[in-house]
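Hi there,

Here is the structure I promised to pass on to you. Have a look at it first, and then read on for my notes.

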Amino acid sequence: TVYEEIKAVVSYEDSVKAVLKNTDRYINGKKVDKASFEYIRAVKTRDKYIRLEQITPSFYPAKGMDMYCDNASGDYIILAFMIFATVLIITMEREQGLSLISKTTLRGGAVHGLVKAAALGILCIIVSLIMHICSFAVIAQIYPIRDLTVPIQSVAGYTYCALEISVWQYI
C-alpha cells in the first residue's frame, strides 16, 4: 500500500542506523574471530551501509517499478524468440545443405558458426531492447513513473539495496 511505501522511506535512516549498530556490536564483540567469514561479511556490510547513510530517499510510487522489474512474460517471450531463431538458423542451413559446404572450406565451419552466433546475439540484443522499451512505455502509461534520478532506495521494495545507484541505473 501507499502507506507502507511512505513508511519505508520515512524509516530509512533508522533502518540504516540499526544495521550499522548491529554490525558494530558484532565486530566489537569479545569472542570474534577476525579471520572468520561472518566477521569479514559484517565489516563489508558496515562499510556499505556507512555510504548508504548519506542517501536521502524520497517517496516514489513502487507499483510501476515492480511491474517493470517483475515482468516475467517479456523475458519468456525473449527466451522463446532466441530458441526459435536458433532452431530456424540450424534447420535452414541443413535444408539448404550449407553445413556440408562450410565444413569443406579453408577455415572449416568454425568461422561460419561464429558469424552465425554473433548475428544471432546481435539480433537477440535488439529484440530484447525493443521488448524492454515497449514494456517500459506501456507500464509508464498505466502507472506513474516519475523522476528516474532518485536513489533506488526510494522505491519501497528496494529500501535495503546496498548499491548507490539511481532508479535509471537499476533499470
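Let me start with a residue in the middle of one helix story: valine 127 lies in helix H7. Is valine 127 buried or exposed? With a relative accessibility of 18%, valine 127 counts as buried, because the cut-off for buried is under 20%. Please keep in mind throughout that this is a predicted model. From valine 127 to glutamine 141 there are 14 residues in sequence, and their C-alpha atoms are 21 Å apart in space.

Helix H7 covers residues 109-142, and serine 135 is found there too. Serine 135 has a relative accessible area of 14%, so this residue is buried as well. What does serine 135 touch, once residues up to four places away in sequence are set aside? Its partners are Tyr68 and Asn71.

Leucine 123 is another residue of helix H7, but here the relative accessible area is 39%, so leucine 123 is partly exposed. Although leucine 123 and phenylalanine 81 are 42 residues apart along the chain, 9.9 Å separates their C-alpha atoms.

**Helix H5**

Leucine 79 lies in helix H5 and, at 43% relative accessibility, counts as partly exposed. How far is leucine 79 from cysteine 124, C-alpha to C-alpha? The two are 45 residues apart along the chain, and the separation between their C-alpha atoms is 9.0 Å.

Glutamate 95 also belongs to helix H5, which spans residues 72-96. Its relative accessibility is 70%, so glutamate 95 counts as exposed, the threshold for that being over 50%. Glutamate 95 and alanine 117 lie 22 residues apart in sequence, with 19 Å between their C-alpha atoms.

**The chain as a whole**

Stepping back, the chain has eight helices and zero strands. Reading from the N terminus, the order of elements is therefore simple to write: α-α-α-α-α-α-α-α. How does the spread of the chain compare with a compact globule? The radius of gyration is 24 Å, whereas the globule rule gives 16 Å for 171 residues; the chain is well over that value, so it is more spread out than a compact globule. Along the principal axes, the C-alpha atoms fill a box of roughly 70 × 50 × 20 Å.

Of the 171 residues in the chain, 29% are buried. The accessible surface comes to about 11,800 Å², and carbon and sulfur atoms account for 65% of that. As for contacts between residues at least 6 apart in sequence, 65% of them join residues at least 24 apart.

On charge, there are 18 positive and 16 negative side chains in the chain. The centres of the two sets are 8 Å apart.

**The nonpolar cores**

In soluble globular proteins, nonpolar side chains tend to be buried together. Which residues have the most contacts inside the largest nonpolar core here? They are Tyr60, Met65, Ile152, Val155 and Val167, in a core of 13 residues. Helix H4 (residues 62-69) supplies the largest share of this core, with three residues.

Methionine 65 is worth a click in the viewer. Leaving out residues up to four places away in sequence, methionine 65 touches Tyr60, Ile152, Val155, Val167, Tyr170 and Ile171. Apart from this core lies another one, of six residues, including Tyr12, Leu20, Tyr49 and Ile55.

**Towards the C terminus**

One last residue for you is serine 166, found in the loop between H7 and helix H8 (167-170). Is serine 166 buried or exposed? At a relative accessible area of 13%, serine 166 is buried. Setting aside neighbours within four places in sequence, serine 166 is in contact with Leu148, Thr149, Val150, Pro151 and Ile152. Ile152 also appears among the residues touched by methionine 65.

Happy to talk any of this through whenever it suits you.

Best wishes

Notes
Residues are numbered from 1 along each chain as its sequence is written. This is a predicted model: local features need pLDDT of at least 70, side-chain atom pairs count only at pLDDT 80 or more; totals for chains, interfaces and linings use all residues. Side-chain values use heavy atoms; hydrogens and water are left out. Helices (H or I, at least four residues) and strands (E, at least two) are DSSP runs, numbered from the N terminus. The radius of gyration is taken over C-alpha atoms; the globule rule is 2.2 Å times the number of residues to the power 0.38. Buried means under 20% relative accessible area, exposed over 50%, partly exposed in between (1.4 Å probe, protein chains only). Contact means heavy atoms within 4.5 Å. Accessible areas come from the Shrake-Rupley method with a 1.4 Å probe; for residues, only the protein chains shown count as cover. Lys and Arg count as positive and Asp and Glu as negative; His and the chain ends are not counted. The place of a charge is taken as NZ of Lys, CZ of Arg, CG of Asp or CD of Glu. A nonpolar core is a set of buried Ala, Val, Leu, Ile, Met, Phe, Trp, Tyr and Cys residues joined through side-chain atoms within 4.5 Å.
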